[in-house]
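Here is a short briefing to read beside the structure. Keep the 3D view open and find each residue as it is named.

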Amino acid sequence: FLFIIAIAFITQSFAQQEIPSAQPGVEYGAGVKSIESISVAKLEKELTSEASYSGLIKGKIVEVCIKKGCFMKVEREGSADPIMVRFKDYRFFMTSDIVGKTVLLDGEAKVKETSVEQLKHFAEDAGKSVEEIAMINAPKSDIEITAVGVRIVN
């Protein structure tokens with residue numbers, strides 16, 4: 001009986017906490033220490049001359065992983081192809097109601113190449129159709145943000 005109680009306690013302690021709803025001011029991960037940020041458009045310009053950018057990025061979320069909130073995508077101005085945002089060491093996850101919200105992302109952005117296998121995995125997690133997933137047949141080099149903290153702006 002004590003063994004069962006111990007297992008239940010250990011399982012509960014490792015279970016993911018409920019993710020708070022995406023309301024203005026709510027923070028995820030390590031949070032955000034400042035409000036001075038750059039736009040996604042300025043980030044793209046920054047990464048044409050620099051290898052990486054560290055700091056705050058302000059953008060609108062257009063997609064989130066529907067399985068468990070393990071990634072999200074931020075809108076690009078004038079492009080249907082959003083920027084991938086992952087969370088450092090999977091320390092935190094996002095709620096699905098974050099889509100459409102403007103956020104501050106505290107982290108690092110780099111241009112990275114993502115393999116076909118990983119692109120298909122992300123598409124599956126995002127709930128894409130079998131046909132859409134099958135169309136992925138080449139790696140993609142693009143900006144990827146690794147966030148340590150996120151704050152909902154509005």
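**An aromatic pair**

Phe87 is buried, with a relative accessible area of 2%. Keep in mind that this is a predicted model. The points below start from Phe87 and then move through the cores, the strands, a helix and one residue after the last named strand.

- Phe92 is buried too, because its relative accessible area of 7% falls under the 20% cut-off.
- The structure holds 2 aromatic pairs.
- One of them joins Phe87 and Phe92, and this pair is tilted.
- Its ring centres lie 4.7 Å apart, with 45° between the planes.

**The nonpolar cores**

- The largest nonpolar core has 27 residues.
- Which of its residues touch the most other members? They are Leu43, Ile57, Met72, Met94, Ile98, Ile145 and Val150.
- Several elements give two or more residues to this core: helix H2 (40–49) and the strands S3 (52–64), S4 (71–76), S5 (79–87), S6 (102–114) and S7 (140–152).
- S7 gives the most, with 5 residues.
- Another core lies apart from this one. It has 7 residues, including Cys65, Phe71, Phe93 and Phe122.
- Leu43 touches Ile38, Tyr53, Ile57, Ala109, Ile143 and Ile145, leaving aside residues up to four places away in sequence.

**Strand S4 and its neighbours**

- Why is S4 largely enclosed by the rest of the structure? The reason is that 5 of its 6 residues are buried.
- S3 and S4 pair in the antiparallel sense, over 3 bridges.
- Val64 has Met72, in S4, as its bridge partner.
- S3 and S4 form a hairpin, with 6 residues between them. In that turn, Gly69 has a positive phi of about 75°.
- S4 and S5 also pair in the antiparallel sense, over 5 bridges.
- Phe71 stands opposite Arg86 in S5.
- How many residues lie between S4 and S5 in their hairpin? There are 2. Gly78, in the turn, has a positive phi of about 70°.
- As a general point, side chains in a regular strand alternate between the two faces of the sheet.

**Helix H3**

- H3 spans residues 116–125. Its residues Leu119, Phe122, Ala123 and Asp125 are buried.
- These buried residues cover an arc of only 165° around the axis, so they sit on the same side of H3.
- What covers the buried residues of H3? The cover includes S4, S5, S6, helix H4 (130–134) and S7.
- Gly127 comes just after H3 and takes a positive phi of about 85°.

**Val153, after S7**

- Val153 lies in the segment that follows S7.
- Is Val153 buried or partly exposed? Val153 is partly exposed, with a relative accessible area of 29%.
- Val153 touches Pro24, Lys58, Thr102, Val103 and Leu104, leaving aside residues up to four places away in sequence.
- Val153 and Gly59 are 94 residues apart along the chain. Their C-alpha atoms are separated by 9.4 Å.

Technical notes:
Residues are numbered from 1 along each chain as its sequence is written. This is a predicted model: local features need pLDDT of at least 70, side-chain atom pairs count only at pLDDT 80 or more; totals for chains, interfaces and linings use all residues. Side-chain values use heavy atoms; hydrogens and water are left out. A nonpolar core is a set of buried Ala, Val, Leu, Ile, Met, Phe, Trp, Tyr and Cys residues joined through side-chain atoms within 4.5 Å. Buried means under 20% relative accessible area, exposed over 50%, partly exposed in between (1.4 Å probe, protein chains only). Helices (H or I, at least four residues) and strands (E, at least two) are DSSP runs, numbered from the N terminus. Contact means heavy atoms within 4.5 Å. Two strands pair if DSSP finds at least two bridges between them. The arc is that of the directions from the helix axis to the C-beta atoms. Rings of Phe, Tyr and Trp (its six-membered ring) pair if their centres lie within 6.5 Å; planes under 30 degrees apart count as stacked, over 60 as edge-to-face and the rest as tilted.
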